[in-house]
Amino acid sequence: MIFFSIIIPTSNSPYKLKSLFESIIRNGFDASIFEVILIENGDESFCEELCSTYISTLNIKYYYHKLEGFSAAEARNKGISTATGKFVFFFDDDVILEPNCIKEHLFHHLKNDKPKIVFGFRNNILNDTIINPKLGTVEEDPRLNLKLELTNKNRLWYYAYSCNLSITFSTKKVYFDNNFKTWGNEDQEFAYRLFKNKFEVILGDKCLVHHYTDSKIRSPFLRDRYGLDSDYKDFLLSRLYFVKKHWKDIDLRNFLIDDFKLYKFRNNKWIRTEIPNPNFDFNEFEKVLNINYQYDYRVNSARKSIV
(Lines give C-alpha, C1' and ligand atoms only; values in the text may rest on other atoms or scores of the structure.)
Protein backbone atom coordinates (compact mmCIF):
# COMPACT_ATOMS: atom_id res chain seq x y z
CA MET A 1 0.00 0.00 0.00
CA ILE A 2 1.33 3.42 -0.98
CA PHE A 3 1.39 5.76 2.03
CA PHE A 4 2.70 8.88 0.31
CA SER A 5 3.54 10.10 -3.20
CA ILE A 6 6.34 12.46 -4.26
CA ILE A 7 5.71 14.51 -7.41
CA ILE A 8 8.67 16.06 -9.23
CA PRO A 9 8.37 18.08 -12.46
CA THR A 10 11.63 18.28 -14.37
CA SER A 11 13.02 19.55 -17.64
CA ASN A 12 16.22 18.06 -19.05
CA SER A 13 18.01 17.95 -15.67
CA PRO A 14 19.21 14.39 -14.94
CA TYR A 15 22.34 15.61 -13.13
CA LYS A 16 20.20 17.56 -10.63
CA LEU A 17 17.71 14.73 -10.23
CA LYS A 18 20.40 12.28 -9.17
CA SER A 19 21.17 14.45 -6.11
CA LEU A 20 17.46 14.73 -5.30
CA PHE A 21 16.91 10.97 -5.62
CA GLU A 22 19.85 10.26 -3.33
CA SER A 23 18.48 12.69 -0.74
CA ILE A 24 15.06 10.97 -0.88
CA ILE A 25 16.77 7.63 -0.20
CA ARG A 26 18.65 9.17 2.75
CA ASN A 27 15.29 10.02 4.32
CA GLY A 28 15.17 6.34 5.20
CA PHE A 29 11.69 5.19 4.17
CA ASP A 30 11.08 1.74 2.74
CA ALA A 31 10.53 2.12 -1.01
CA SER A 32 7.43 -0.09 -0.82
CA ILE A 33 5.39 2.55 1.05
CA PHE A 34 5.90 5.50 -1.28
CA GLU A 35 6.10 6.33 -4.96
CA VAL A 36 8.13 8.93 -6.84
CA ILE A 37 6.24 10.39 -9.80
CA LEU A 38 8.54 12.14 -12.25
CA ILE A 39 7.07 14.25 -15.04
CA GLU A 40 9.61 15.35 -17.61
CA ASN A 41 8.44 18.20 -19.80
CA GLY A 42 11.11 19.19 -22.28
CA ASP A 43 12.06 18.90 -25.93
CA GLU A 44 13.43 15.40 -25.38
CA SER A 45 13.37 12.63 -22.80
CA PHE A 46 16.63 12.84 -20.83
CA CYS A 47 15.74 11.34 -17.45
CA GLU A 48 14.16 7.95 -18.21
CA GLU A 49 17.55 6.23 -18.30
CA LEU A 50 18.48 7.73 -14.91
CA CYS A 51 15.22 6.45 -13.44
CA SER A 52 16.03 2.93 -14.59
CA THR A 53 19.21 2.94 -12.47
CA TYR A 54 17.10 3.41 -9.32
CA ILE A 55 14.71 0.52 -10.01
CA SER A 56 15.96 -1.40 -6.94
CA THR A 57 15.90 1.53 -4.51
CA LEU A 58 12.98 3.76 -5.52
CA ASN A 59 9.48 3.10 -6.83
CA ILE A 60 9.53 5.57 -9.73
CA LYS A 61 6.71 6.27 -12.16
CA TYR A 62 8.18 8.14 -15.12
CA TYR A 63 6.12 10.21 -17.57
CA TYR A 64 7.35 12.18 -20.54
CA HIS A 65 4.85 14.95 -21.15
CA LYS A 66 5.90 17.48 -23.80
CA LEU A 67 4.40 20.83 -22.88
CA GLU A 68 4.64 24.29 -24.38
CA GLY A 69 6.09 27.25 -22.47
CA PHE A 70 5.89 27.48 -18.70
CA SER A 71 3.95 24.43 -17.58
CA ALA A 72 4.77 23.68 -13.95
CA ALA A 73 1.09 23.51 -12.97
CA GLU A 74 0.24 21.16 -15.81
CA ALA A 75 3.17 18.86 -15.01
CA ARG A 76 2.23 18.66 -11.32
CA ASN A 77 -1.38 17.95 -12.26
CA LYS A 78 -0.24 15.00 -14.36
CA GLY A 79 1.45 13.70 -11.22
CA ILE A 80 -1.60 14.35 -9.05
CA SER A 81 -3.85 12.46 -11.47
CA THR A 82 -1.76 9.29 -11.04
CA ALA A 83 -0.80 9.64 -7.35
CA THR A 84 -2.15 6.97 -5.00
CA GLY A 85 -0.73 8.06 -1.64
CA LYS A 86 -2.77 9.60 1.17
CA PHE A 87 -0.20 12.39 1.39
CA VAL A 88 1.37 14.06 -1.62
CA PHE A 89 4.72 15.86 -1.64
CA PHE A 90 5.91 18.38 -4.22
CA PHE A 91 9.62 19.01 -4.69
CA ASP A 92 11.44 20.82 -7.48
CA ASP A 93 14.11 18.93 -9.40
CA ASP A 94 16.92 21.21 -8.20
CA VAL A 95 16.59 20.70 -4.44
CA ILE A 96 18.21 18.32 -1.96
CA LEU A 97 16.19 17.17 1.06
CA GLU A 98 17.51 17.24 4.58
CA PRO A 99 17.57 13.67 6.00
CA ASN A 100 14.45 14.29 8.15
CA CYS A 101 12.51 16.47 5.69
CA ILE A 102 9.82 13.92 4.79
CA LYS A 103 9.50 12.75 8.39
CA GLU A 104 8.91 16.34 9.53
CA HIS A 105 6.22 16.88 6.90
CA LEU A 106 4.44 13.69 7.97
CA PHE A 107 4.72 14.67 11.63
CA HIS A 108 2.37 17.60 10.96
CA HIS A 109 -0.01 15.64 8.75
CA LEU A 110 -0.42 12.84 11.30
CA LYS A 111 -1.29 15.06 14.27
CA ASN A 112 -4.98 14.75 13.43
CA ASP A 113 -7.30 13.94 10.54
CA LYS A 114 -7.76 17.51 9.31
CA PRO A 115 -6.70 18.14 5.70
CA LYS A 116 -3.46 20.11 5.68
CA ILE A 117 -0.99 21.87 3.47
CA VAL A 118 2.52 21.86 4.94
CA PHE A 119 5.44 23.86 3.56
CA GLY A 120 9.04 24.26 4.60
CA PHE A 121 12.02 26.49 4.04
CA ARG A 122 14.52 26.42 1.18
CA ASN A 123 18.13 27.47 1.61
CA ASN A 124 20.11 28.45 -1.49
CA ILE A 125 23.40 26.74 -2.35
CA LEU A 126 25.23 29.15 -4.65
CA ASN A 127 26.57 26.93 -7.40
CA ASP A 128 27.87 29.43 -9.93
CA THR A 129 30.86 31.77 -9.74
CA ILE A 130 28.86 34.39 -11.65
CA ILE A 131 26.69 34.95 -8.57
CA ASN A 132 29.31 34.13 -5.93
CA PRO A 133 33.04 33.37 -6.32
CA LYS A 134 32.84 30.92 -3.41
CA LEU A 135 31.07 27.85 -4.79
CA GLY A 136 28.88 26.07 -2.27
CA THR A 137 28.10 29.15 -0.20
CA VAL A 138 24.77 28.58 1.59
CA GLU A 139 22.31 31.42 2.10
CA GLU A 140 19.30 31.05 4.36
CA ASP A 141 15.77 31.35 3.05
CA PRO A 142 14.72 35.04 3.18
CA ARG A 143 11.35 33.93 4.62
CA LEU A 144 13.18 33.21 7.88
CA ASN A 145 13.27 36.98 8.42
CA LEU A 146 9.49 37.36 8.13
CA LYS A 147 8.70 36.46 11.72
CA LEU A 148 5.70 38.79 12.02
CA GLU A 149 4.21 37.79 8.66
CA LEU A 150 4.58 34.08 9.42
CA THR A 151 2.44 34.42 12.55
CA ASN A 152 -0.59 35.57 10.52
CA LYS A 153 -2.52 32.32 9.99
CA ASN A 154 -4.87 33.99 7.50
CA ARG A 155 -1.95 34.88 5.21
CA LEU A 156 0.37 31.93 5.77
CA TRP A 157 -0.66 30.41 2.43
CA TYR A 158 1.17 33.27 0.70
CA TYR A 159 4.55 31.86 1.73
CA ALA A 160 3.87 28.27 0.60
CA TYR A 161 6.16 27.47 -2.35
CA SER A 162 5.81 24.25 -4.31
CA CYS A 163 9.54 23.48 -4.20
CA ASN A 164 8.94 22.05 -0.69
CA LEU A 165 5.26 21.37 -0.11
CA SER A 166 2.95 18.55 0.96
CA ILE A 167 -0.81 18.14 1.13
CA THR A 168 -3.37 15.70 2.49
CA PHE A 169 -5.59 14.16 -0.15
CA SER A 170 -9.12 14.66 1.17
CA THR A 171 -12.27 13.08 -0.30
CA LYS A 172 -11.24 14.18 -3.79
CA LYS A 173 -8.04 15.21 -5.50
CA VAL A 174 -7.03 18.85 -5.73
CA TYR A 175 -5.23 20.36 -8.71
CA PHE A 176 -3.15 23.37 -9.66
CA ASP A 177 -4.68 25.80 -12.15
CA ASN A 178 -3.34 25.10 -15.65
CA ASN A 179 -4.14 28.65 -16.72
CA PHE A 180 -0.93 29.94 -15.16
CA LYS A 181 1.20 30.22 -18.29
CA THR A 182 4.09 32.35 -17.01
CA TRP A 183 6.47 31.96 -14.08
CA GLY A 184 5.22 32.26 -10.51
CA ASN A 185 2.04 32.43 -8.41
CA GLU A 186 0.56 29.05 -9.36
CA ASP A 187 1.72 27.56 -6.05
CA GLN A 188 0.48 30.51 -3.97
CA GLU A 189 -2.90 30.43 -5.69
CA PHE A 190 -3.07 26.67 -5.08
CA ALA A 191 -2.35 27.18 -1.37
CA TYR A 192 -4.87 30.04 -1.20
CA ARG A 193 -7.65 27.84 -2.64
CA LEU A 194 -6.89 25.04 -0.21
CA PHE A 195 -6.91 27.50 2.68
CA LYS A 196 -10.31 28.77 1.54
CA ASN A 197 -11.50 25.18 1.40
CA LYS A 198 -10.67 24.59 5.08
CA PHE A 199 -7.21 23.08 4.71
CA GLU A 200 -5.00 23.95 7.65
CA VAL A 201 -1.84 25.72 6.44
CA ILE A 202 1.24 24.79 8.46
CA LEU A 203 4.80 26.10 8.35
CA GLY A 204 7.08 23.16 9.06
CA ASP A 205 10.20 25.00 10.17
CA LYS A 206 12.17 21.73 10.24
CA CYS A 207 11.02 20.67 6.75
CA LEU A 208 14.17 21.91 5.05
CA VAL A 209 15.53 21.58 1.52
CA HIS A 210 18.61 23.06 -0.15
CA HIS A 211 18.22 24.63 -3.58
CA TYR A 212 21.03 24.59 -6.15
CA THR A 213 21.15 28.18 -7.39
CA ASP A 214 23.02 29.27 -10.51
CA SER A 215 22.93 32.10 -13.03
CA LYS A 216 20.21 30.35 -15.08
CA ILE A 217 17.57 30.74 -12.36
CA ARG A 218 14.17 31.95 -13.57
CA SER A 219 13.03 33.71 -10.41
CA PRO A 220 13.33 37.49 -10.96
CA PHE A 221 13.59 37.90 -7.19
CA LEU A 222 16.70 35.71 -7.01
CA ARG A 223 18.10 37.23 -10.19
CA ASP A 224 17.74 40.66 -8.60
CA ARG A 225 19.29 39.42 -5.38
CA TYR A 226 22.40 38.13 -7.15
CA GLY A 227 22.85 41.05 -9.52
CA LEU A 228 21.62 39.30 -12.68
CA ASP A 229 19.49 40.89 -15.38
CA SER A 230 15.85 40.52 -14.38
CA ASP A 231 12.37 41.36 -15.65
CA TYR A 232 9.24 40.83 -13.51
CA LYS A 233 6.80 40.80 -16.43
CA ASP A 234 6.05 37.06 -16.36
CA PHE A 235 5.58 37.12 -12.60
CA LEU A 236 3.24 40.11 -12.81
CA LEU A 237 1.18 38.55 -15.60
CA SER A 238 0.55 35.45 -13.52
CA ARG A 239 -0.22 37.57 -10.46
CA LEU A 240 -2.67 39.62 -12.51
CA TYR A 241 -4.45 36.40 -13.43
CA PHE A 242 -4.45 35.40 -9.74
CA VAL A 243 -6.10 38.61 -8.54
CA LYS A 244 -8.69 38.73 -11.33
CA LYS A 245 -9.63 35.11 -10.84
CA HIS A 246 -10.48 35.83 -7.20
CA TRP A 247 -11.61 39.43 -7.68
CA LYS A 248 -14.60 39.04 -5.36
CA ASP A 249 -12.30 38.42 -2.39
CA ILE A 250 -11.79 42.08 -1.47
CA ASP A 251 -9.15 41.38 1.18
CA LEU A 252 -7.06 39.33 -1.27
CA ARG A 253 -7.59 41.89 -4.03
CA ASN A 254 -6.33 44.77 -1.88
CA PHE A 255 -3.41 42.71 -0.60
CA LEU A 256 -2.16 41.82 -4.09
CA ILE A 257 -2.82 45.27 -5.55
CA ASP A 258 -0.73 46.76 -2.73
CA ASP A 259 2.11 44.55 -3.97
CA PHE A 260 1.59 45.72 -7.56
CA LYS A 261 2.36 49.25 -6.37
CA LEU A 262 6.02 48.24 -5.92
CA TYR A 263 6.56 47.60 -9.65
CA LYS A 264 7.39 50.01 -12.44
CA PHE A 265 7.91 49.72 -16.17
CA ARG A 266 11.27 51.29 -16.94
CA ASN A 267 13.73 50.85 -19.82
CA ASN A 268 11.48 48.29 -21.52
CA LYS A 269 11.23 45.96 -18.54
CA TRP A 270 9.43 45.63 -15.23
CA ILE A 271 11.44 46.33 -12.09
CA ARG A 272 10.66 46.05 -8.39
CA THR A 273 11.16 49.07 -6.14
CA GLU A 274 11.17 49.53 -2.38
CA ILE A 275 8.66 52.40 -2.29
CA PRO A 276 4.99 51.96 -3.31
CA ASN A 277 3.73 54.21 -6.10
CA PRO A 278 1.37 56.74 -4.41
CA ASN A 279 -0.31 57.44 -7.76
CA PHE A 280 -0.88 53.81 -8.70
CA ASP A 281 -3.76 53.21 -11.12
CA PHE A 282 -4.72 49.54 -11.51
CA ASN A 283 -6.36 49.93 -14.92
CA GLU A 284 -3.32 51.72 -16.33
CA PHE A 285 -1.02 49.14 -14.76
CA GLU A 286 -2.98 46.31 -16.39
CA LYS A 287 -3.00 48.07 -19.74
CA VAL A 288 0.78 48.60 -19.80
CA LEU A 289 1.45 45.06 -18.56
CA ASN A 290 -0.69 43.43 -21.25
CA ILE A 291 0.71 45.36 -24.22
CA ASN A 292 1.92 42.93 -26.90
CA TYR A 293 1.15 39.91 -24.75
CA GLN A 294 -0.96 37.30 -26.54
CA TYR A 295 -2.35 35.22 -23.68
CA ASP A 296 -5.86 36.19 -22.55
CA TYR A 297 -5.74 36.67 -18.79
CA ARG A 298 -9.39 37.58 -18.32
CA VAL A 299 -10.72 35.54 -15.45
CA ASN A 300 -13.88 34.58 -17.32
CA SER A 301 -11.73 32.63 -19.77
CA ALA A 302 -10.26 30.43 -17.06
CA ARG A 303 -11.03 26.78 -16.59
CA LYS A 304 -12.38 26.19 -13.10
CA SER A 305 -9.72 24.61 -10.89
CA ILE A 306 -10.76 21.47 -9.09
CA VAL A 307 -10.88 21.63 -5.30
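Biologist: Let's start with helix α4, residues 101-109: how many of the nine residues are buried, and is the helix enclosed or open?

Modeller: Keep in mind that this is a predicted model. Here, buried means under 20% relative accessible area. By that cut-off, seven of the nine residues of α4 are buried, so the helix is largely enclosed by the rest of the structure.

Biologist: Which residues of α4 are the buried ones?

Modeller: They are Cys 101, Ile 102, Glu 104, His 105, Leu 106, His 108 and His 109. When you read a list like that, think about helical geometry. An α-helix has 3.6 residues a turn, so residues three or four places apart point the same way.

Biologist: On to sheets. What is the strand order in the open sheet of seven strands?

Modeller: The general idea comes before the case. Strands of a sheet pair through backbone hydrogen bonds, either parallel or antiparallel. In this model the order is β3-β2-β1-β4-β9-β6-β10, and the pairing is mixed. At the edges you'll find β3 (60-64) and β10 (200-203), each paired on one side only. From one strand to the next, the twist averages 20°.

Biologist: How many bridges join β6 to β9, and do these strands run parallel or antiparallel?

Modeller: Three bridges link β6 (residues 116-119) with β9 (residues 164-168), and the two run antiparallel. For a concrete pair, look at Val 118, whose bridge partner in β9 is Ser 166.

Biologist: Which strands does helix α3 lie across?

Modeller: Helix α3 (residues 72-82) lies across β1, β2, β3 and β4 (87-91), at about 145° to β2. Helix α1 (residues 14-26) lies across β1 (4-10), β2 (34-40) and β3, and runs at about 170° to β1. But α1 also lies across β5 and β11, at about 15° to β5.

Biologist: So β5 and β11 come in too. What is the order of the open sheet that four strands form?

Modeller: That sheet reads β5-β11-β7-β8, with mixed pairing. Its edges are β5 (95-97) and β8 (137-139); each has a single partner strand, so one side of each is left without a neighbour in the sheet. On average, neighbouring strands here are turned by 30° against each other, direction ignored. Inside the sheet, β7 (residues 122-126) and β11 pair in the parallel sense over five bridges, and Asn 124 has His 211 as its bridge partner in β11.

Biologist: Is Thr 213 buried or exposed?

Modeller: Thr 213, in strand β11 (residues 209-213), has 0% relative accessibility, so it counts as buried. Its side chain makes a polar contact of 2.9 Å with the side chain of His 211. Thr 213 also touches residues further off in sequence, including Asn 124, Asp 128 and Tyr 226.

Biologist: Which residues touch the most other members of the largest nonpolar core?

Modeller: Of its 51 residues, those are Phe 90, Ile 167, Leu 236 and Phe 260. Helix α7 (residues 233-245) supplies the largest share of this core, seven residues. Another core, of 26 residues, lies apart from it and includes Phe 21, Val 36, Tyr 54 and Leu 106. As for Phe 90, its contacts include Ile 7, Ile 80, Ile 167, Phe 176 and Phe 190.

Biologist: One last residue: what is Asn 290 in contact with, leaving aside its neighbours within four places in sequence?

Modeller: Leu 237 and Leu 240. Asn 290 sits in helix α9 (residues 282-290) and is partly exposed, with a relative accessible area of 23%. Its C-alpha atom is 9.7 Å from that of Leu 240, although the two are 50 residues apart along the chain.

Technical notes:
Residues are numbered from 1 along each chain as its sequence is written. This is a predicted model: local features need pLDDT of at least 70, side-chain atom pairs count only at pLDDT 80 or more; totals for chains, interfaces and linings use all residues. Side-chain values use heavy atoms; hydrogens and water are left out. Buried means under 20% relative accessible area, exposed over 50%, partly exposed in between (1.4 Å probe, protein chains only). Two strands pair if DSSP finds at least two bridges between them. Axes are lines fitted to C-alpha atoms, for helices over the stretch in contact, and angles run from 0 to 180 degrees between N-to-C directions. Contact means heavy atoms within 4.5 Å. A nonpolar core is a set of buried Ala, Val, Leu, Ile, Met, Phe, Trp, Tyr and Cys residues joined through side-chain atoms within 4.5 Å. A polar contact is a pair of N or O atoms within 3.5 Å; within protein, one must be able to donate a hydrogen and the other to accept it, and residues adjacent in sequence count only if both atoms are side-chain atoms.
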